[in-house]
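Got your viewer open? Load the model, pick a plain cartoon view, and keep the selection box handy for a short tour.

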Amino acid sequence: MVIMLVQNNKKELKHLISCVAAVFPEDQVIGFDNPIRAMEYATKNQVDMCFADVEMKATSGFALAEKLRNCNKNIRINLISDVIDYAIDAWRFHINDYIVRPITTEAIKHTIEA
Amino acid sequence: MNILAVDDERLILDDMKVELRKVFEDDEIVGFEGGNEAIDYANDLAAHDEKLDYAFLDINLRGMTGIELAKKLKDIHHETKIIFCTAYSEYAYDAFRMHAVGYLLKPVEAKHIIETLDALNIDWKNTGNELPKDIRVQTFGNFELFVDNHQVSFQREKAKELFAYLIDRNGAAITTGEIVSILWEDRPSDKTTLNQAHTIISSMKKTLKELGIGNIIVKTWNHIAADTSKIKCDVYDFYKGDAIAINSYRGEYMAQYSWAEMTNADLMEKAHR
């Protein structure tokens, strides 16, 4: 499985990579600090799961989610935010899970438990 | 599939059931106004080894919140998929935390339910794929059920008898209490016999489901009936005046069951007229 992580802040991206890699030790985890690069990657490669920030430069997590779905309609998309305010929009966009920071290994585990 | 709807406003609950019926045409849809009744129903399903497939829950319930109810239902049926139906957006995050699969804003419409289920990438219409079968019931002489010309053997004699009784009732719904009085003539309708009746119902449904004809049983909460439109049956043809059916009657109707004597008396009278 290929898991894509998208997050502008490099330091937080690094933290996110370590948490996701801890939960998915067998899978390929790829991080992007630029959502445009992430989209380019998804058009050329199969991505099975994505964790993305809701608020990013150049695009939102929702817009990214739509584009990723055009590449792979079965992709599971999870969004990350500092606030709960976008949770209702996340339901509307059929987002798999909506996580509020701080990101921890436990939070990632909870996401895939359902 | 078993589908639960809970809303403490009767009219909204009724609307929700109408929308659910458009989506789940052949499944059992049960609605409650209160959380405690819903939990009783979930426990009852679990006691009879049945799954609760989907729960559509309002959040602002009296007594307990829909979120609390969802957790309790999940404790009983881990696999249940929870979809919240609410007028408010404020619980959207809580709904994610407890692994709900959908969050619909009222008024809930069938197309929104379908969108939500489609997004799950699962085959959610999993009971809608029963192929049409040739279902024939013989009541003259001994009672037997044939599916595609093969005689069906039920795992329990009483399950067969229950099915025979549903055929005898010609599509009319019967209660669990009535089943007890038919299957255990000499015993009172109490907790023990009602539970036994539920076991028999489950056994009968299981046999029919395995044959791919589970949809000939129509079950509502505490009532059960046979969908006679899907069944070819000699006694039904007899009453329609079909000459072949009338000629095939030899004075015996479901001969192995004593309760069938009532109908047999009627048949005998009509045959000699």
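Two residues count as in contact when their C-beta atoms, placed from the backbone, lie within 7 Å. Keep that cut-off in mind at the helix stops below. One more thing before we set off: this is a predicted model.

**Stop one: the sheet in chain A.** Colour the strands of chain A and read across them. You should find an open sheet of 5 strands in the order β2-β1-β3-β4-β5, with parallel pairing. At the edges sit β2 (28-32) and β5 (97-100) of chain A, each of which pairs on one side only. Look along the sheet and you can follow a twist that averages 15 degrees from one strand to the next.

Now zoom in on β1 of chain A, residues 2-6. This strand runs parallel to β2(A), and 5 bridges join the two. To see one of the pairings, select A:I3 together with its bridge partner in β2(A), A:V29.

**Stop two: the helices against it.** Select residues 61-71 of chain A, helix α3, which lies across β1, β3 (49-53) and β4 (76-81) of that chain. Its direction makes an angle of about 160 degrees with β3(A).

Next, select α2 of chain A, residues 35-44. Which residues of this helix are buried? Show side chains for A:P35, A:A38 and A:A42. These three span an arc of only 50 degrees around the axis, so they end up on the same side of α2(A). Their cover includes β1, β2 and α3 of chain A. Spin the helix round to the face turned away from its buried side, and you meet the exposed residues A:R37, A:E40, A:T43 and A:K44.

**Stop three: chain B.** Switch the cartoon to chain B, with its 11 helices and 12 strands. Of its 273 residues, 34% are buried. Among chain B contacts with a separation of 6 or more, 60% are between residues 24 or more positions apart.

**Stop four: the cores.** Bring both chains back and select A:C50, B:F56, B:L57 and B:F84, the residues with the most contacts inside the largest nonpolar core, which has 72 residues. What does B:L57 touch, leaving aside residues up to four places away in sequence? Select B:V6, B:G66, B:L69, B:A70, B:I82, B:F84 and B:C85 to see these contacts. For a last selection, go to a second, separate core of 31 residues, with B:V137, B:F140, B:A159 and B:I179 among them.

Definitions and conventions: Residues numbered from 1 in each chain as written. Chains lettered and ligands numbered in written order. Predicted model: local features only at pLDDT ≥ 70, side-chain atom pairs only at ≥ 80, totals over all residues. Core = buried A, V, L, I, M, F, W, Y, C linked by C-beta atoms within 7 Å. Buried ≥ 20, exposed ≤ 12 C-beta atoms within 10 Å, placed from the backbone. Pairing = 2+ DSSP bridges. Helix = DSSP H or I, 4+ residues; strand = E, 2+ residues; numbered from the N terminus. Axes fitted to C-alpha atoms, helices over the stretch in contact; angles between N-to-C directions. Arc of directions from axis to C-beta.
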